[in-house]
Amino acid sequence: MASIEITSPHRPRTLPSLRQIAESAFPIIAIYFLMWVVYGLVEPSALSLYSIEALFNNSLPLMLAAAGATFVILQGGFDLSVAGVISLANVVVAVMPMEGPLGGVANLAMVVAIGLLVGAVNGFVVAYLRIQAIAATLATMIMCKGAALLILKAPGGFVSDFMAYELTASFFGIVPIAGVIAVAIMLFWAVFRSTNTGRSLIAVGQDENAAALSGIDVARTRFTSFLWAGAFYGAAGYMLAAQTSTGNPNGGDPFLLLSFAAVALGGTAFGGGRGGVTASLFGAATLMLMQKVLFAVGVSSFYTGVVQGAIMILAVLFSAFVLAVTRQRKSR
Amino acid sequence: MESHVLHTAALSKRYGATVALSDVSLGLAEGEVHAILGENGAGKSTLVKIMSGVVQPNSGEMTLAADTYRPQSILQARAQGVATAFQELSLIPNLTVGENLLLPRASKTAFWPESRSGILRRAAGLLSQWDISDITADAIVEDLSLAERQRIEIARALSHATRLLILDEPTAALPDPEWLFRQIKRLSSRGIAVMYISHRLGEVREICQRATVLRNGNSIDTVDLSGVDDDGIFSMMVGRSPDSAFVEPAEVPEDAQVILGVRNLNVGKVRSLDLALRAGEIVGVAALEGQGQQDLFQALGGVIKFESGEISVGGKAAELGSPRRAINAGAGIAFVPEERKTEGIFANLTAASNITLPKIDQAGQAGIVYSGLEKNFAADVVAKVALSPRYLDFKVGNLSGGNQQKVLLARALITGAKCLVLFDPARGVDVGTKQSIYAMMRDHVAAGGTVLFYSSELSELVHLSTRCLVIYDGQVVANVPRAQLTEERLLAAAHGHNQEMKIAV
């Protein structure tokens, strides 16, 4: 028996390849800043601190929700409970406002705990009982929405002054706190993705079988991803309360589809294994900024959805195109 | 009695109604390279999974260095010094070689990541420790060839094996086993046992001292390899004496009808390629790795579009461009791809459903597919590939590799295509399945069809082909007729200019 092979040494790479750039958060960051330029041109007042701050505050809940969803999607899962957890966290904060910074922290701890609890249920049912993620998280979403309605029948309640005014303001009058939170999450992700847990997440999403044979605890990795997601959804509900200064038992509903849209726009693959939280944060921010830009250019709000959807398709096509082009080059 | 590193007694494992292992007892001595031989489905994979902690046996005992050994996970097995290089390669495609080598704990610290350079340094240490100089630790695994990935998979197992190394078909994707054999010798000189699973008897004889033969989930016997010839081993594996593996192919008249004609084809690496397959011919393709053979086969199968050229099937010009068009083009072209796991099968459908898929409209009535009709419809081609009909109800994912390959070939046959385009159809399958595949190919051309096949095993090309094309750098550089067909001749033709090349015999 005989066979033959050519050896092809792989040289150390210095610059990231085109594919690596296309798969990073870079494209969506570029789109985001491009959109700011457009926005600034058509609406110069948009660049005032007040409107920047307002936009950041508007965007932060969706950014947090999308960040949470990314943890689950990266490992190849699916989580619908986002809408339920945000609603529940929103009303809990609104019926139990606690004053002062410490009260704000206490409120945050409460809703993050709720998120973790829901995440633990999701994670246990999906990872260990091996129930389909869509069914399991749909159930927890409905439960959370029901619980939110039990706590608060109709929009109402109020939040502490600390949350309503100080959390939505700017440090030293120039640095929007919402922006600081977003940057903090990006830094967190930059570290987290290189931890063993972060790598496991990507490995499980890429190839569950190979991950298991590499010694990764697949079930625990899945479980953990739902915990992270739940915590972020709780925080999203908290920031939604701060931004709207009120509780709404249906407040989380719009987030269900928008958070998936933000993740897709950021370029994270729904099949798992490729993408990241930073990309999703920018995806969410871009989605919100786009609404403003469309309004500023004078597009009727009825068309906003149409344009948003079209841009999403373009973004997904773009990443598919880059992938195809780089693959083809490789095969040459 | 020599001291055993690992000893198993009466291991058994059932998956539902299927008995994968019923009674396996064997002992691996210190520093021994021990082969496990058996046809596909004999239980080799299950045995590997049990020993490496992936699945737990239903009954039976294992002892490792005099202690009871019952690993519940891969990590537990590793912690006790047992490491495995899996046949289905367990590397994560979009992580670097270094990260993969160190998984699941690429970073030494739990909560704060270790620096990239630290990980690379440790991984580079492992690579050089195992004599891998042509792959860098920061290469992304998906950029590597199959052979390179296989070496990384093996290197990872080497670095964890302090008592027992399990190699499951390590050379299936590794054209040059010399590197592997050197590492195995290093390990066994330190008293580490190696369990070596391979279909290639030549290799097994070169590196192993003893072999245990499995058949139908039972360990038949453990033999000294120097004391038994190939026929003896083969009859232990199949429980009968071997048929002659190769039959001299029939002569094909010069004026036989051309079924597949290719003129001036350009696709991927392939440049201005001409080809004519006549009825009754089995045409082999020999090539070094990555000379454009994948592009050629995928273009003929309609998987990728070609840039320019003319293809005629059964005398009529054909636009390929999709597998469906290829099947429907004139006399039809049916393609069986290289990676059956990812490109071929629907693991969750039954074998019958997989086979009848191309002709699904004929497997039902009024648009509804009945499983009974499916089975009747499939029966004919199932017989041609010698697949036991009892497997028709099984999900394909539960079948052994050899039977999966038979299912794929049956699916190609059911299309009724006269031209079969097979990419390494007998790779990684056992001797019995190989013979069934060869017989199927010969029957197909005897019935007026034609076969184009690529093989990574030169002996297969030499024995099976009516003539053999050698592709180098996207072009046919030789058309070797039956009379001149030898491994040496093919090697010489496949050898281009100024190419660094390794030849393993």
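The paragraphs below lead through parts of chain A and chain B in turn, beginning with helices and ending with sheets and single residues. The structure is a predicted model.

In chain A, a good place to begin is helix α6, which covers residues 133–151. With 19 residues at 1.5 Å a residue, this helix should span 27 Å, and since its end C-alpha atoms are 27 Å apart, the expected and the computed span agree. Several residues of α6(A) are buried, namely A:A133, A:A136, A:T137, A:T140, A:M141, A:C144 and A:A148. Seen down the helix axis, these buried residues fall within an arc of 135°, so they line one face of α6(A). The face turned away from that buried side carries A:I142, A:M143 and A:L150, which are exposed. As for what covers the buried residues of α6(A), the list includes α4 (82–95), α5 (100–128), α11 (218–244) and α12 (253–266) of chain A.

One of these covering helices, α4(A), can be followed a little further. Its 14 residues should span 20 Å at 1.5 Å a residue, and its end C-alpha atoms are indeed 20 Å apart, which agrees. Helix α4(A) is itself mostly covered, with 13 of its 14 residues buried.

Turning to chain B, strand β19 (residues 419–423) is mostly covered, as five of its five residues are buried. In a regular strand, side chains alternate between the two faces of the sheet. In β19(B), B:C419, B:V421 and B:F423 point one way while B:L420 and B:L422 point the other way, and all are buried. Strand β16 (residues 333–336) of chain B runs parallel to β19(B) and is joined to it by four bridges, with B:V336 having B:L422 as its bridge partner. Strand β19(B) also pairs in the parallel sense with strand β20 (residues 450–454) of chain B, here over five bridges, and in this pairing B:L420 stands opposite B:V451. Between β19(B) and β20(B) the chain passes through helix α15 (residues 431–446) of chain B, forming a β-α-β crossover that is right-handed.

Elsewhere in chain B there is an open sheet of four strands, in the order β12-β11-β14-β15, with antiparallel pairing. Its edge strands are β12 and β15 (316–317) of chain B, each of which pairs on one side only. Strand β11 (residues 258–267) of chain B pairs with β12(B) in the antiparallel sense over six bridges, and B:L265 stands opposite B:L273 in β12(B). Helix α9 (residues 293–300) of chain B packs on this sheet, where it touches β11, β12 and β14 (308–313) of chain B, and its direction makes about 125° with that of β11(B).

Within the edge strand β12(B), which covers residues 270–278, lies B:A276. This residue counts as partly exposed because its relative accessibility is 31%, a value that falls between the 20% and 50% cut-offs. The C-alpha atoms of B:A276 and B:G261 are separated by 4.5 Å, although the two residues are 15 residues apart along the chain. Leaving aside residues up to four places away in sequence, B:A276 touches B:V258, B:L260, B:E281 and B:R467.

A last residue, B:Q183, has its place in helix α6 (residues 178–189) of chain B. B:Q183 counts as buried because its relative accessibility is 0%. Again leaving aside residues up to four places away in sequence, B:Q183 touches B:W130, B:D131 and B:L158.

Note on methods
Residues numbered from 1 in each chain as written. Chains lettered and ligands numbered in written order. Predicted model: local features only at pLDDT ≥ 70, side-chain atom pairs only at ≥ 80, totals over all residues. Heavy atoms only, no water. Helix = DSSP H or I, 4+ residues; strand = E, 2+ residues; numbered from the N terminus. Buried < 20%, exposed > 50% of the residue type's maximum accessible area, 1.4 Å probe, protein only. Contact = heavy atoms within 4.5 Å. Expected span 1.5 Å × (residues − 1). Arc of directions from axis to C-beta. Pairing = 2+ DSSP bridges. Right-handed = clockwise from strand over helix to strand, strands pointing away. Axes fitted to C-alpha atoms, helices over the stretch in contact; angles between N-to-C directions.
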